[in-house]
Amino acid sequence: MSRVPVVLAGARGHGRWHVANIRRLERAGLVRLAGICELTPLTEQEAEGELPVQSADFGALLDSTGARVAVICTPIPTHTDLALTAARRGVHLLLEKPPAPSYAEFRRMADGVAEAGVACQVGFQSLGSHAVPAIRELVARGAIGEVVGIGGAGAWVRDEDYFRRAPWSGKRRLNGADVIDGALTNPLAHAVATALALGGTVRAEDVTGIETELSHANDIEADDTSCVRIGTARGHRVTVAATLCAERAAEPYVLVHGSSGRVTFWYKQDRVLLQRGGHGPEEFHHDRTDLLENLVDHLTTGAPLLVPPDETGAFMRVVEAIRRAPDPEPLPEAAWRRLPGERRRVVPGIDGLVAAAADTLSLYSELGAPWAPRTEHPRHEVSTR
């Protein structure tokens, strides 16, 4: 089988991970790194091998390399236009998350890709975990009774330089264009997407309403400490709490609450813990299918895509609710402190609040966080009906 030619747009920052992954699949004989699109060309060291064709003109690069697949890992506001540039040329896509900064842009991308007849995989790597179908099977056979809700928790540490890594970092808008680079929509977007997926809420029409509480301790526009509660057509709630101002970095997880047990999924580790009445705790470790490898498999053997655009529609409803919400409120100075040696801001007590939100399906205000919105500043709620 000839190797599939791949072009990567955006090879620095998180794009470095894609460089390494493409090279891994190249060594396995599956793909060939045919080109890199960057404003400043990469060195051989950055490209982790012999330099492919490089250009800042994405369309011209696709034409000159004969690329069959494009991996797009560029700033969020550029995703839709670049995806459509590739689609119009018949080039298939791996599009980094979040796929777009608004629901309208998402629909423009997804509809354009569908009209062009190309395959598109959205880069929620956690949804390639074999734990996802395994947990769905546990739930389907009643291992934890009826699902009553799903929680997600992400307590991460990011220093102040993280929010200066690019002009769009920590922005809600830039030069009049939506960015929506908040904790729940970008760094901890996997927690939202995975929580929705485990409960079978993947399409836009599966979401019935969304409540948001958005705030920030850092000097940014977007949120770094936030939570969201999503109503679903299945009748259960999905609550996800996130912060980039944790006291200690922790592994993010999703918690499926059942009437007679629960399942905890540490999605970066592919680790699952099953707890239920009348049984001891059971732990499982699962493998993971790489999303670019799955896309290549789809093109060469017809294997189904793991994360096609329409199965991220529910996640994009959350992005849209956050976009439409009032701008995140800055936390009062008494609510956070700076760690000078680490150049980061910490919200004392937030680690426990994040865990409690996932455990009780509550919002920060309902958990008594002293800085959370009160009745005079009500949380924002959006109906998707």
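Okay, let's start in the middle of the fold: β5, α5 and β6 make a right-handed β-α-β unit. Right-handed here means that, with the strands pointing away from you, the path from the first strand over the helix to the second runs clockwise. Helices (H or I, at least four residues) and strands (E, at least two) are DSSP runs, numbered from the N terminus.

Quick housekeeping. This is a predicted model, with local features needing pLDDT of at least 70 and side-chain atom pairs counting only at pLDDT 80 or more, while totals for chains, interfaces and linings use all residues. Residues are numbered from 1 along each chain as its sequence is written, and side-chain values use heavy atoms, with hydrogens and water left out.

Back to β5. On one side, β5 is joined to β6 (residues 120-122) by 3 bridges, and the two run parallel; strands count as paired if DSSP finds at least two bridges between them. Within that pairing, L95 has V122 as its bridge partner. β5 also pairs with β4, again in the parallel sense, over 4 bridges, and there V69 stands opposite H92. Getting from β4 to β5, the chain goes through α4, and that β-α-β crossover is right-handed too.

What about the side chains of β5? In a regular strand, side chains alternate between the two faces of the sheet. Here H92 and L94 point one way, L93 and L95 the other, and all of them are buried. Buried means under 20% relative accessible area, exposed is over 50%, and partly exposed is in between (1.4 Å probe, protein chains only).

Now the helix in that crossover. How many of the 9 residues of α4 are buried? The count is 8, so to speak of α4 (residues 79-87) as mostly covered is fair. The buried ones are H79, T80, L82, A83, L84, T85, A86 and A87. And what does the covering? The cover includes α3 (58-65), β4 (69-72), β5 (92-95) and α5 (103-116), where contact means heavy atoms within 4.5 Å.

Right after β5 there's a bit of backbone you may want to look at. P98 sits in the loop between β5 and α5, and the peptide bond from K97 to P98 is cis, with omega near -15 degrees. For context, most residues other than glycine have a negative phi, and most peptide bonds are trans.

Sticking with backbone, two non-glycine residues have positive phi. D270 has phi near 55 degrees and is in the loop between β14 (261-266) and β15 (271-276). L361 has phi near 65 degrees and is in the loop between α10 (350-360) and β20 (380-383). Buried or exposed? D270 counts as buried because its relative accessibility is 10%, and L361 is buried as well, at 6%.

On to packing. A nonpolar core is a set of buried Ala, Val, Leu, Ile, Met, Phe, Trp, Tyr and Cys residues joined through side-chain atoms within 4.5 Å. The largest one has 100 residues, and F58, L292 and F315 touch the most other members. Helix α7 (residues 189-198) gives the most to this core, with 8 residues. Take F315: leaving aside neighbours within four places in sequence, F315 is in contact with P98, P99, F124, L184, T185, A189, V192, A193 and L196. So that cis proline turns up again in this contact list.

There's a second, separate core of 22 residues, and A153, C227, L273 and A357 are among them. A153 lies in β7 and is buried, at a relative accessible area of 4%. Beyond four places in sequence, A153 touches A241, P252, Y253, V354 and A358. One distance to check on screen: the C-alpha atoms of A153 and A356 are separated by 8.7 Å, with these positions 203 residues apart along the chain.

Last residue: E160, in the loop between β7 (147-155) and β8 (173-174). Why does E160 count as buried? Because its relative accessibility is 13%. Which residues does E160 touch, not counting those up to four places away? They are N218, R338, R343, R344 and R345. With R338 there's a side-chain polar contact of 3.3 Å. A polar contact is a pair of N or O atoms within 3.5 Å; within protein, one must be able to donate a hydrogen and the other to accept it, and residues adjacent in sequence count only if both atoms are side-chain atoms.
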